[in-house]
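Subject: Model handover

Hello,

I am passing on the structure we spoke about. My notes follow it.

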Amino acid sequence: MVKILDIRNKLAPSKTTRKISQITKIARHHSATTSGDYFAFWNNRWKGLGWGKGGYHEIILTDGTVQLCYDPIYPTNGIGNHNTSTYHICVVGNGAFTAAQERAFEERCLLAIQNFGLSVNDVLGHNEFSGTATSCPGINMDSVRKRLKALQVPNQVGGVSTDKIMWGKTELKTGQIGKITILQDINVWKDSPHESGKIIHTRTLTKGGEFRVYNYREDHGGQYYLGAGEWVTKMPTHILYETPSKAMLAKIIN
């Protein structure tokens with residue numbers, strides 16, 4: 001397993017969101033530098049361009065450590081006119097990368113393929129997207145895809161055995177109709193055992209969490225059922241509700 005540096009809470013929040021189902025491609029980039037990380041790229045380039053957020057969801061440093069920058073529900077500024085549908089991974093380097101970086105990219109890319117219900121053929125280099133003219137990602141993507149296909153094993157991600165069907169941060173389970181991602185802290189409620197129609201606050205879900213949804217009711221302004229008697233009120237400013245793709249549901253059935 002690669003080392004992950006989670007810096008998501010240290011970055012300026014994105015003002016736009018998307019559904020996971022909108023992600024149809026994974027892009028590989030290089031930084032065109034011999035060193036650096038998110039903060040170096042922000043201070044030396046992105047901030048000067050007037051950007052409100054960075055270019056990549058993940059950055060793989062020269063020692064193979066992965067900076068986790070943004071949750072996939074937030075589009076980043078990786079490739080003009082393609083960001084809503086793309087998950088961006090950058091490998092620090094300028095056409096030459098370490099073995100540790102390649103191992104990290106393989107593991108993270110295979111995990112993203114599974115999480116988003118994609119295939120290896122959906123992994124493209126920056127210069128393979130329409131309307132681009134760049135040497136990025138500085139590597140032959142046919143060889144990258146060939147390596148990824150060789151590493152793909154049924155019920156495995158990055159060489160690690162798993163029978164789970166992951167959807168973002170959570171496992172997709174039978175009976176699940178969707179999931180919610182917490183955009184702002186929100187209360188969880190249970191029906192009162194003593195008074196019909198009354199609900200009781202039990203806990204608070206914090207920003208960034210993802211939770212399975214098993215049912216929906218119109219009561220109390222509309223609520224999603226999380227299981228164990230817990231309900232979350234439908235508030236688009238606080239939660240993002242999504243349903244799994246047909247391809248993901250087929251994996252559960254099979």
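Below are notes on one pocket and on the cysteines.

This is a predicted model, in which local features need pLDDT of at least 70, side-chain atom pairs count only at pLDDT 80 or more, and totals for chains, interfaces and linings use all residues. Residues are numbered from 1 along each chain as its sequence is written, and side-chain values use heavy atoms, with hydrogens and water left out.

Pocket. The second largest pocket holds about 400 Å³ of space. A pocket here is an open set of points on a 1 Å grid over the protein atoms alone, where a 1.4 Å probe fits, with protein on both sides within 12 Å along at least five of seven lines. The volume is the space filled by probe spheres set on the points, which are joined across faces, edges and corners. Its lining (residues with an atom within 4 Å of a point) has 22 residues, and H30, R45, W46, W51 and Y56 are the closest to the centre. Two elements give two or more residues to this lining, β2 (25-30) and α1 (38-46); α1 gives the most, with three. Helices (H or I, at least four residues) and strands (E, at least two) are DSSP runs, numbered from the N terminus.

Cysteines. There are zero disulfides (pairs of cysteine sulfur atoms within 2.5 Å) in the structure. For C69, the nearest cysteine sulfur is that of C90, 9.0 Å away. C69 is buried (under 20% relative accessible area, 1.4 Å probe, protein chains only), at 1%. The sulfur of C90 is also the nearest to that of C136, at 6.9 Å. C136 counts as buried at 5% relative accessibility.

Regards

Conventions. Buried means under 20% relative accessible area, exposed over 50%, partly exposed in between (1.4 Å probe, protein chains only).
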